[in-house]
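Please open the model in your viewer and keep a selection box at hand. The tour goes from one selection to the next and says what is found at each stop.

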Amino acid sequence: MKRIIPFFSPSLPVCIQWTRGKASGSLPLTFHPEHEFHFIKEGRGAYYIEGKTYAFGARHLVIIRPNQVHSFAPRPGEYIEKATLIFRRECAGDAARGRLAGAGLPALISLDDHAALQIELILKGMLAENARREKGWEEIVRGLLGLFLLWVKRLEDRPKAPRPEKPLFAQLRRHVEERCADPACTVTQIAREFGYSLNYLSALFKEATGIGIKHYLLQYRIVAARKIIGENPGVKIESVARQVGFRQYRNFSRAFLMLTGISPSLYRKNYHVHRE
């Protein structure tokens, strides 16, 4: 979902949200241009990131790079305590920006007790500085962000591998993503082409991504629409609907509103007002 992220301030585009409670279900596919980290203090589930599924547990760190398509799938009813850190690259100093560059950072890191404690203290320190806002607080937050990234760099050699991808799922996912612009691409047609029941294919997708194949196709179409809108400020919304496989504009508008919380036209306006 594209959202207006509640950054600490316009001059400090950093956001930390600490959440606790029982999981209420999977979140839809999304992407954004900011860096995103999740410190998992307690709970189990999976993050689906760019076609791969990463199972997490307590004391794990999830790393999502800018514009990576991802979703969150906690175990049903699981108690989750985690911190979400989102920031724009310019918040980090020159050395820290170098640590964010390239493809070296893994998507999932396992933390020992000491590392988990240090990460938690840094994140809570950033939250406390934002709450008090005493003299020099923004510089302290930037310094803590740099320290956080130093810890990430130290820990990058403890990666956790993604779940092995089932060949059928990999083939289906590529098919859905390559064909999503075709209005004739429906889950019924896909099941017919692959020779499996729709229930089986939906279960296969839910196991890997947290959502069934029908919702994956719908959400991927909306992700594709958001990318088109972001890359083409003057594009007509009706044209976007056609480009991502919707025959009827009203169906596109309804799906877009359901998954993002705003209409396509308002999303276009907000995106280009708040873009980097």
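The stops below cover a sheet, a pair of helices, one residue and several salt bridges.

Before selecting anything, note that this is a predicted model, in which local features need pLDDT of at least 70 and side-chain atom pairs count only at pLDDT 80 or more, while totals for chains, interfaces and linings use all residues. Residues are numbered from 1 along each chain as its sequence is written, and side-chain values use heavy atoms, with hydrogens and water left out.

**Stop one: the sheet**

Select strand 3 (residues 45-49), then add strand 4 (52-56) and strand 6 (70-74). These three strands form an open sheet in the order 4-3-6, with antiparallel pairing; helices (H or I, at least four residues) and strands (E, at least two) are DSSP runs, numbered from the N terminus, and two strands pair if DSSP finds at least two bridges between them. Strand 4 and strand 6 are the edge strands, each pairing on one side only. On average, neighbouring strands of this sheet are turned by 20 degrees against each other, direction ignored. Between strand 3 and strand 6 there are five bridges, and a pair to display is I49 with H70, which stands opposite I49 in strand 6.

**Stop two: two helices that cross**

Now select helix 4 (residues 167-179) and helix 7 (residues 213-231), whose axes come within 9 Å and cross at roughly 40 degrees. Here axes are lines fitted to C-alpha atoms, for helices over the stretch in contact, and angles run from 0 to 180 degrees between N-to-C directions. The crossing is right-handed, a term used when the near helix is turned clockwise from the far one by less than a right angle. Show the side chains of R173, V176 and E177 in helix 4 together with I213, Y216, L217 and Y220 in helix 7, since these residues make the contact, where contact means heavy atoms within 4.5 Å. Five of the contact residues are nonpolar, none is polar and two are charged; in this count Ala, Val, Leu, Ile, Met, Phe, Trp, Tyr, Cys and Pro are nonpolar, Asp, Glu, Lys and Arg charged, and the others, Gly among them, polar.

**Stop three: R173**

Is R173 of helix 4 buried or exposed? R173 is buried, with a relative accessible area of 13%; buried means under 20%, exposed over 50% and partly exposed in between (1.4 Å probe, protein chains only). Leaving aside neighbours within four places in sequence, R173 is in contact with Y48, G51, E165, F205 and Y216. R173 also forms a salt bridge with E177, the closest N and O atoms being 3.4 Å apart; a salt bridge is a side-chain nitrogen of Lys or Arg within 4 Å of a carboxyl oxygen of Asp or Glu. The two residues are four apart in helix 4, which means a separation of about one helical turn, and E177 is partly exposed at 21%.

**Stop four: further salt bridges**

A search of the whole structure finds 15 salt bridges. Select E139 and R142, whose side chains meet at 3.7 Å, N to O, and which lie three residues apart in helix 3 (residues 137-155). E139 is exposed at 56% relative accessibility, whereas R142 is partly exposed at 24%.

Move on to D182 and R179, which form a salt bridge with their closest N and O atoms 3.2 Å apart. D182 is partly exposed at 28%, and R179 is partly exposed at 25%. As a last selection, take K41, E120 and K124, which are joined into one network by salt bridges that share partners.
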